[in-house]
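Grab your viewer and work through these exercises one at a time. Each comes with a solution, so try it yourself before reading on.

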Amino acid sequence: MPAPRIIHQPRLRRRTGAPRATRGFVLLEALVAIFLFVLGVLGILGLQTSMTAIQTETRLRSEAAYLAQELVGLMWADIPNRDNYALDSADDKACTAAACLRWLGKVQEILPQGEAVVTVTDLASGDLGSDVAITVNWIMPNGESHQYQTNTTIALGHTP
């Protein structure tokens, strides 16, 4: 009996990975995706930072407007002493009314480096009232200076 004949079949090579030309492509895609994600996060952080700065600036501007209108109300409540509300730190002219001094303390407390200038000018025709100009200044934490200004007339009623 003849010996069994062994037939050799060629072995098929098993491919365990992608072809050489595409190796590392998934890694490159992942790196690009991470890069785009980081850019998006940085963009959102920048947007949030600028929104916070604008919100702070807006809040301080509304505080300055409120403080200026509060002083106008105090002057209306104390019409006979309206000249005692004049205030100019450059000319060393400080207000002497107690309500004005309390108001100035609020300006310095609420606004960063807050200052105010109040000009009281009597009207030309007799004692009919005064023109009042209020300027509130403050400096933001980043060094940018801001100003709010309002003008009004405190008119006295005419009594015959």
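**Exercise 1.** Decide whether Ser130 is buried or exposed in this predicted model, and find what surrounds it.

*Solution.*
- Start with the accessibility: Ser130 has a relative accessible area of 0%. The cut-off for buried is under 20%, so Ser130 counts as buried.
- Next, place it in the fold. Ser130 belongs to strand β3, which covers residues 129-139.
- Now look for a polar partner: the side chains of Ser130 and Arg82 make a polar contact of 2.6 Å.
- Finally, list the neighbours, skipping anything up to four places away in sequence. Ser130 touches Arg82, Asp83, Val120, Thr121, Asp122, Leu123, Thr152, Thr153 and Ile154.

**Exercise 2.** Work out how the span of α1 compares with the expected one, and what its buried residues pack against.

*Solution.*
- Helix α1 runs over residues 25-77, which gives 53 residues.
- At 1.5 Å a residue you'd expect 78 Å, and the distance from the first C-alpha to the last is 78 Å, so the two are close.
- Pick out the buried positions in α1: Leu60, Ala64, Ala65, Leu67, Ala68, Leu71, Val72 and Met75.
- Check what the buried residues of α1 pack against, and you get α2 (98-110), β2 (115-122), β3 and β4 (145-155).
- Then go to the start of the helix. Phe25 is partly exposed at 47% relative accessibility, and it joins Leu28, Val32, Phe35, Leu36 and Leu39 in a nonpolar surface patch of about 600 Å².

**Exercise 3.** Find how many salt bridges the structure holds, and say where the partners sit.

*Solution.*
- The structure holds 2 of them. As background, side chains of opposite charge can pair when their charged atoms come close.
- Take Arg61 and Glu57: their closest N and O atoms are 3.7 Å apart. Both residues lie in helix α1, 4 residues apart, or about one turn of the helix.
- Arg61 has a relative accessible area of 33% and is partly exposed, and Glu57 is partly exposed too, at 26%.
- Now take Glu70 and Lys106, whose salt bridge has an N to O distance of 2.9 Å. This pair links distant parts of the chain, with Glu70 in helix α1 and Lys106 in helix α2, 36 residues apart.
- For accessibility, Glu70 comes in at 22%, partly exposed, while Lys106 is partly exposed at 30%.

**Exercise 4.** Ala97 and Asp88: for each, say whether it is buried or exposed, and list its contacts.

*Solution.*
- Ala97 sits in the loop between β1 and α2. Its relative accessible area is 8%, so it's buried.
- Beyond four places in sequence, Ala97 touches Asn84 and Tyr85. The C-alpha atoms of Ala97 and Asn84 are 5.4 Å apart, although 13 residues separate the two in sequence.
- Asp88 is in strand β1, residues 87-88. At 18% relative accessible area, Asp88 is buried as well.
- With neighbours within four places left aside, Asp88 is in contact with Lys93 and Val117.

**Exercise 5.** Sum up the whole chain: which elements does it have, in what order, and what share of its residues is buried?

*Solution.*
- Count the elements: 2 helices and 4 strands. From the N terminus on, they run α-β-α-β-β-β.
- Of the 160 residues, 24% are buried.
- Carbon and sulfur atoms hold 59% of the accessible surface, which comes to about 12000 Å².
- Among contacts with a separation of 6 or more, 52% join residues 24 or more positions apart.

Methods: Residues numbered from 1 in each chain as written. Predicted model: local features only at pLDDT ≥ 70, side-chain atom pairs only at ≥ 80, totals over all residues. Heavy atoms only, no water. Buried < 20%, exposed > 50% of the residue type's maximum accessible area, 1.4 Å probe, protein only. Polar contact = N/O pair within 3.5 Å; in protein donor to acceptor, adjacent residues only side chain to side chain. Contact = heavy atoms within 4.5 Å. Patch = residues over 30% accessible without salt bridge, like charges linked within 9 Å, V, L, I, M, F, W, Y side chains within 5 Å. Areas by Shrake-Rupley, 256 points an atom, 1.4 Å probe, with all protein chains shown as cover. Salt bridge = Lys/Arg side-chain N within 4 Å of Asp/Glu carboxyl O.
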